Amino acid sequence: MAARKRKPTTAASKSRKSSSARGSKAKRPAVRKFSFWRWFWRLSAVFSVLLAAYLVYLDAQVRERFEGNKWDLPAKVYARPLTLYPGLALSAQQLKAELQWADYRSSADAAVAGSFARRGDDWLIYRRAFPFWDGAEPARQLRIELKQGRVARIWDAQGEQALVRLEPQYIGGIFPSHNEDRELVRLDNVPPELIAALIITEDQSFFDHWGISVRGIARAMLANMRAGGMVQGGSTLTQQLVKNFFLTSERTLSRKAQEALMSILLELHYDKEAILQAYLNEVYLGQAGRRAIHGFGLAARFYFGKSVRELTLAESATLVGLVKGASYYNPRRHPRRAKQRRDLILGLMAQHGIISEQQRIRAQGQALTTASPRRAGQREYPAFLELAKKQLQRDYRLADLQSEGLNIFTTLDPWIQHAVEQAADEELQRLERRHPKHKDQLETAAVVTSVDGGEIRALLGSRKAEFFGFNRALNARRQMGSLVKPAVYLAALQSGRYHWATPISDRPVVVTGQGGQRWAPKNYDMQSHGDVTLEAALRRSLNQATARLGMNIGLETVVSTLRQLGLEGDIPPYPSILLGSIDTSPLEVAGFYQTIASQGFHMPLRTIEAVTTVDGHTLSSYAIEAEQRVDPALMQWLRYGLEQVVDSGTARALQQQFNVPLAAKTGTSDEQRDAWFAGFDNRHLGVFWVGRDDNQPMPVAGSSGALPLWRNAFARIGVEALPEAAALQWYPVLADGQLLPQGCRDRRASEYPFTAQALKTWQPDVAACQSEASPTEEKSWFDWLF
Amino acid sequence: MVRLVVLAALLALLAGCSNQAVYPVAMQPEVGVEQLPRWHSGMLAALDQGQHHPAVAALFAQAEQARQQRQWQRALTYLDQARQIQPRNAAILYRQAWVSLQLNEANRAEQLLRRALVFSQQPELSQRLRLLLAEALDAQGKSDAAEQQRRRVVSQS
């Protein structure tokens, strides 16, 4: 093997030796020339092969990136659409707010999509086309008649309608790590004057060049010299696109060469329209907090609150002005610069005959008005978004949520969310004015759900609702205090040993644990109240009576009732859980009360209604999920106790304001570190928490700290009275808990409700009834007057 | 004379007001068995039968279209929108349960029917709910519970 390998080397050296021996001095230059060309061609061939290989590589890169999904499209998250139908409770104030939050503008005649007009009770709304999850709907002109705070009638071009949906509000996105956000536009949806403005300022020979333009560079230099500064760049639009799309931002000669080559390749494969459309969607046009605004579609939405096709000439020119420097020419931060740039572009357009002189004067005369970046249509709802994202990840990969441009339809009700945010803000300020030592220390969290479906309508994770940060509604673990008590009373009612009029003892109680530690709870007022009814013990939230009741029923029974009501997580096996020494989040508490509010049906609290692909195909839609855990009649019986809390107990402040039957419970943890309030009307359940992040005691309890937030929020949302409990029958009951027959008018007795099941255990005692003259038969002095 | 004119004007005004009164949508409307779809040779006839609130009727019509195309998930979407308008309407929950059964979601059907029974105020309606509940229970292999529901129907009819 070694010998064979050596042979060619020997031959080569021999031939070299012989050729040098044969050569003469005269022939040497010719040989050199000959060998130069030979080497030149050889190297050229090698270079060409390498260049070709490099071009093939670049070409593959260009095509791969350009042909597939060009961008990671963040999922777009929407609030619930406002569904209008005759009879719906809707104030003019709410309708107007909802329209404005979905970026609809008030106008004289609502003649363009995305606008509305009010004429007395009549509202004209030109709804934009919108891809709802059950099908895309075209733009529609609507007339809504509101009467007495309700929708009376609805018309569209076809005549009277029974049901229409408004466009839902955008409430945020699920962004990839670089936080690039964009709203894709098709070239035919972009106003021609925007395209013309872009080409005239950025690349006048765009339709003539092959990706790079020597003439363009020369013209740009000339224009810049004339204007005395940079008004035009030398790169073609194709080069700018390549730079943003494929390359890093480093400025080297080799990168510039690569950019030129790729531009040519791009132009070879794709027509001008495709390149232009990609450019319109790629270009960076601003920053909104964590979001990077890319493309004219989103920029139109962000700066002017409209779709790109609705842009005026002046607005188009303003956006084109941002291409040169999105932050330098930001119309909100630097309106003077932005206006100068806009007017320059309008001037160029007129100069090239794209617009008339009159159009230029009119457009240049317009003020630079931008929509507020803090308006509802552009702000995000971090607490709700976090939960929605979490729930979505049960069925979807995060990577898909960040890149596939999915549309997420949620249950958030912006009107209710707004009410909760306003209420929290107002009431915390009021509390802090009363207790200046706690200024800026109080935090809050809130959850509002629909009683019948478990849909989350509002979620507050902090008093600073718009900031991404610690989400207390989901992640705070705080002692639930007296909010736990309904579980103790339910366990008591369920045991068959108690009814609401059963007397129980509210006297000092001491429980000795296995380790010898003593637990001796005190009442909030530090007093004991002797014998009280079960109803009074819950109504007044008496700790000693509740602790004794819980111990009589048994800790295990109470824990299993807590589980039955849907409280997940760790429940330590200590007697102190009877008074709420269980760490829970406001969301978990809401899940627990949801089962009570929905008559014993446990419902997972949900945020997602449906998910569709970028082209409107439905991936999933979710409907109500409920599991019957407790007999509805028993739940109505428990609700009676919670209604008494509002009627004349620790939450009677609500009765003073609303004066309709509502069910609620106040909660205060040890040393007043947490103030809680959970309550529901016929439509919504609201759970509010107030406390300090450092877990220090506060000078407020559930009724003074958290109740005002609920009251304020529900005054805005509107309350609907709880219906009469159909499953309950009323009987007079004596102080010792003995039932009397219905109709017995015994002055010693008070009326209490019972379920049919409970009446099997407690029989009314006919003999015990001492019917006396009914008080109703006695005439008062008032009766004598009439 | 003036009195008469004023009185007539007042009456006209009151009449006008009464015509334009807007009635709220009840969360739990009075629903009877007539609001349920009929059965036709072992199959549910059509989802949009019966008298309903116009908005609910419009959604039932869309659900019926989806049913004809055997797009059960889509039908469920419309029915759930109807449920959000009248969350305690047993006739809506009944339809949702029936569609859930077509999707082989017998457990969901069972729970929807149990919820519908809470809100049913008419014995005939409850009987229809129980009959479908029995099917949902059978589909989960809970034949004893199904039989119990059927027996309740027989004993009450």
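This briefing walks through the interface between two chains, the nonpolar cores and one buried leucine. The model is a predicted one. Chain A and chain B meet over a buried area of about 2700 Å², and the largest nonpolar core holds 124 residues.

**How chain A meets chain B**

- On the chain A side, 38 residues are in contact with chain B, which contributes 31 residues of its own.
- Three residues are a good place to start looking: A:Asp134, A:Asp452 and A:Ile624 supply 21% of the area that chain A buries against chain B, more than any other three residues.
- Carbon and sulfur atoms give 54% of the area buried between the two chains, which is about 2700 Å².

**Polar and charged pairs across the interface**

- The rule finds five salt bridges between chain A and chain B.
- If you would like to see a salt bridge up close, try the side chains of A:Glu455 and B:Arg83, which meet at 2.6 Å, N to O.
- Polar contacts across this interface link 17 residue pairs, with both residues at pLDDT 80 or more.
- Two strands of chain A, β9 (150-156) and β28 (627-628), each supply at least two residues of the side that touches chain B.
- Of the elements in chain A, β9(A) gives the most to that side, with three residues.
- Sorted by class, the side of chain A that touches chain B has 17 nonpolar, 13 charged and eight polar residues.

**The nonpolar cores**

- As a reminder, nonpolar side chains in soluble globular proteins tend to be buried together.
- Within the largest nonpolar core, of 124 residues, A:Leu459 and A:Trp500 touch the most other members.
- Helix α22 of chain A (residues 632-648) gives the most to this core, with eight residues.
- Leaving aside residues up to four places away in sequence, A:Leu459 touches A:Ala383, A:Phe384, A:Leu387, A:Gln417, A:Ala446, A:Val447, A:Ala473, A:Leu474 and A:Leu587.
- There is also a second, separate core of 66 residues, and its members include A:Met603 from chain A and B:Val56, B:Ala106 and B:Ala136 from chain B.

**A closer look at A:Leu265**

- You will find A:Leu265 in helix α7 of chain A, which spans residues 253-269.
- A:Leu265 counts as buried because its relative accessible area is 9%, under the 20% cut-off.
- Not counting residues up to four places away in sequence, A:Leu265 touches A:Leu55, A:Leu58 and A:Asp59.
- A:Ser356 is 91 residues from A:Leu265 in sequence, and the two are 37 Å apart in space, C-alpha to C-alpha.

Methods
Residues numbered from 1 in each chain as written. Chains lettered and ligands numbered in written order. Predicted model: local features only at pLDDT ≥ 70, side-chain atom pairs only at ≥ 80, totals over all residues. Heavy atoms only, no water. Contact = heavy atoms within 4.5 Å. Buried area = accessible area lost by both parts, 1.4 Å probe. Salt bridge = Lys/Arg side-chain N within 4 Å of Asp/Glu carboxyl O. Polar contact = N/O pair within 3.5 Å; in protein donor to acceptor, adjacent residues only side chain to side chain. Helix = DSSP H or I, 4+ residues; strand = E, 2+ residues; numbered from the N terminus. Nonpolar A, V, L, I, M, F, W, Y, C, P; charged D, E, K, R; others polar. Core = buried A, V, L, I, M, F, W, Y, C linked by side-chain atoms within 4.5 Å. Buried < 20%, exposed > 50% of the residue type's maximum accessible area, 1.4 Å probe, protein only.
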